[in-house]
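User: I should like to learn how to read enclosed cavities, a helix and a single loop residue in a model. Please take me through them in turn.

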Amino acid sequence: MDTTIQEQEMEKKINSKKKAPAKKIIPRDVSWLAFNARVLQEAADNSVPLHERIRFLGIFSNNLDEFFRVRVATLRRMLSVGKNARMHLEENPEEVLDEIHSMVIDQQREFDRIWEGIENELKEQQIFIRTEKHLSKDQQKFVLNYFNEEVRTNIIPLMIESIQHFPYLRDKSIYLAVVLARQDNSVRQKFALIEIPTSILPRFIILPSKDGERDIILLEDLIRYCLPHIFSFFGFDKFTAHIIKVTRDAELDIDNDISTSLIHQLEKGIKDRRKGKPVRFVYDKDIDPLLLEYVMRRLGLSKKDNLIPGARIHNFKDFMDFPTSVFQERPNPQRKSFIHPLFANANSVMHVIQMQDVMLHFPYHSFDTIIDLLREAAIDPNVTSIKITAYRLAKNSRIVNALVNAVRNGKQVTVALELRARFNEADNLEWKTRLEDEGVKVLIGIPGLKIHAKMCVIKKRIGIKTVQCGFISTGNLNEKTARVYGDHCLLTANRNIIADMNRIFSYLENSKHDIKNLEACKTLPVSPYSMRTFFQRMIDREMKNARHKKGSSMTIKMNSLSDPDMINRLYEAARQGVDINLIIRGICCAYTESKKWKKDINAISIVDEYLEHARVFIFGKEGQEKVFIASCDWMLRNLDHRVEVAVPITDPGIQQELKDILAIQLSGNVKARILDNEQRNEYKREGSKKIRSQIEIFRYLHEKTY
């Protein structure tokens, strides 16, 4: 039997094993909670500046809100539809929900412990969060004046016992649940609700303070102090009030019925989201028991629901904006981003790109280069068209401003705007209207597929010659998040890459979305057509090298790893002895250790000042690497249900940059956590020299010469 036939037989055996039932993997939602625990670790880390620790508590709280609004809501839906309709990793959602509840309660206790410690540290710095019971006479006068001038007209108390239909409690809002009574018990107590107007007024109000002190009161405590004035005409003289909060199902039920306008579906879905079923009820553990029982009954909640007793403060997400002015020592500014040296003194961004590929590494490199590129394209008389994708745009998007000005200058501008970007649907609907009003051609998506690719093509006409350039990024085209999200962006004029990008835009523009446009892509792997099979082939290639005793290696950086097929292929690669390094910020459903493998998987997660958002894939040993960046994680939705793009990095210098950056991250021993089978989040502490990877990467890029 010749070698070729032997290899074919071996491949058949391997493929037959791959078709076997999926090996056990870590439940996605349990792994996500383990990730949020890493965020909580940052809040507990005394080496992190105090204002940053408060911000991490806010991030933790915001993450948890979204988790309940989406993931827990999904699991509860799975319970309601029965086993036959479940298409998910979790075979038993009821068990997962029980585990989630237990983990959330434990994390809430840890959260409360950390916040108590931070409060003590604030006091040591003479920063005090005052309640309604601890105000000086001057502060009482200030609070009453502030209430009358700013707050009174923005609140309407609801006497809930007098309302036939219990009022709708809005998601993302917090409410004061109030018990009204008399000291002498001469009248029956009553219950009321007051929505705290944090969408209109600041949550934190700085009070007049003694010399050397900085006093803050929360808006809900300011309202608590004023309860006797709010309910003065009822004759009550005893008030108790505690915060409650409802988290609702936030998934949009957008079907693929092409006879219904996607716009109308979205508008309806956004309205329905506001009426979503409660998936979590959080309350102050000291709340009056009768009031708690009454509210739960009126909301249709039982003890089987996610009832989370907490401390006095809720909606901690607002603490991401805790006032920094109260700190005597101003927070250290973030390491300032800088213009990539190749563009620092360049008159034309497009000219540089025509000469060579350039990789921007955010937030170390400034996002201004992308804005400058689009501005240049907007005014260059030779530019004829700009095509770009948009998923999440900044509030006052300079990207949009550049595109609008391009239209005004006579360019043809096409924007593939993903209206279904979760929690940005309403914003993107508004962007659609503005762009179309300015003459931009807006593509609004494909039934069943989200457009998650991040790319742009700019076309110039010089005489009879057409010149094109563009970029592909791992992150959103958003100048605000680019200051804190770690991403990579390839700027290129490579003809093969540009040709495939044009094919992808043709696919998006074609009303029938002809898959032949994606089939024609020769350089770029694209979801949903070729991305999965491409990565499968790359893993298979490394397994083949391992079987033939050749060097085999994979270094993969992503946000999330949850796709069962890709995980099982990693298991098989580990069994065959492939060196596997994973850098996974968030969800990691893969086990990383097994006695059945020749080599365990080396996996870490980095949580630090910047959010690690990039997707990088390196296959092969030193000198023979195939290097890619991509917009997608290894999740079912990314590989099969979104339009995603990956791009090969062929420039040796840029390849080396990415290899060096990932090597720095893998060597980090300050902010790196080990992703083990138990998801214990133990810090990686190898090596005598402390390496905080984000600082080292900044230094590496800042000192790099070109």
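Analyst: The turns below treat cavities, then a helix, then a loop residue. This is a predicted model, in which local features need pLDDT of at least 70, side-chain atom pairs count only at pLDDT 80 or more, and totals for chains, interfaces and linings use all residues. Residues are numbered from 1 along each chain as its sequence is written, and side-chain values use heavy atoms, with hydrogens and water left out.

User: How many cavities of 30 Å³ or more does a search of the whole structure find?

Analyst: A cavity is a set of points, on a 1 Å grid over the protein atoms alone, where a 1.4 Å probe fits but cannot get out; its lining residues have an atom within 4 Å of a point. Volume is the space filled by probe spheres set on the points, which are joined across faces, edges and corners. Here the search finds four cavities of 30 Å³ or more. The largest has a volume of about 80 Å³, and the second largest about 50 Å³.

User: Which elements each supply at least two residues of the lining of the largest cavity?

Analyst: Helices (H or I, at least four residues) and strands (E, at least two) are DSSP runs numbered from the N terminus. Strand E9 (358–362), strand E16 (485–492) and helix H20 (652–667) each do so, and E16 gives the largest share, three residues. Among the lining residues are His-361, Lys-557, Glu-612 and Gln-665. The second largest cavity is lined by residues including Gly-475, Asn-476, Thr-481 and His-613. Phe-362 and Asp-487 occur in both linings.

User: What caps the N-terminal end of H15?

Analyst: Asn-494 does, with a side-chain oxygen 2.9 Å from the backbone nitrogen of Asn-496. Helix H15 (residues 495–509) has 15 residues and reaches 21 Å from first to last C-alpha, close to the 21 Å expected at 1.5 Å a residue; the expected span is 1.5 Å times one less than the number of residues. Its buried residues (under 20% relative accessible area, 1.4 Å probe, protein chains only) include Ile-497, Asp-500, Asn-502 and Phe-505.

User: Is Asp-380 buried or exposed?

Analyst: Exposed would mean over 50% relative accessible area, and partly exposed lies in between. Asp-380 counts as buried because its relative accessible area is 12%. Asp-380 is found in the loop between helix H12 (368–379) and strand E10 (383–390).

User: Which residues does Asp-380 touch, not counting those up to four places away in sequence?

Analyst: Contact means heavy atoms within 4.5 Å. Asp-380 touches Met-350, Lys-411 and Lys-460. A polar contact (N or O atoms within 3.5 Å, one able to donate a hydrogen and the other to accept it; residues adjacent in sequence count only if both atoms are side-chain atoms) of 3.1 Å joins the side chains of Asp-380 and Lys-460.

Technical notes. On a 1 Å grid over the protein atoms alone, a cavity is a set of points where a 1.4 Å probe fits but cannot get out, and a pocket is an open set with protein on both sides within 12 Å along at least five of seven lines; lining residues have an atom within 4 Å of a point.
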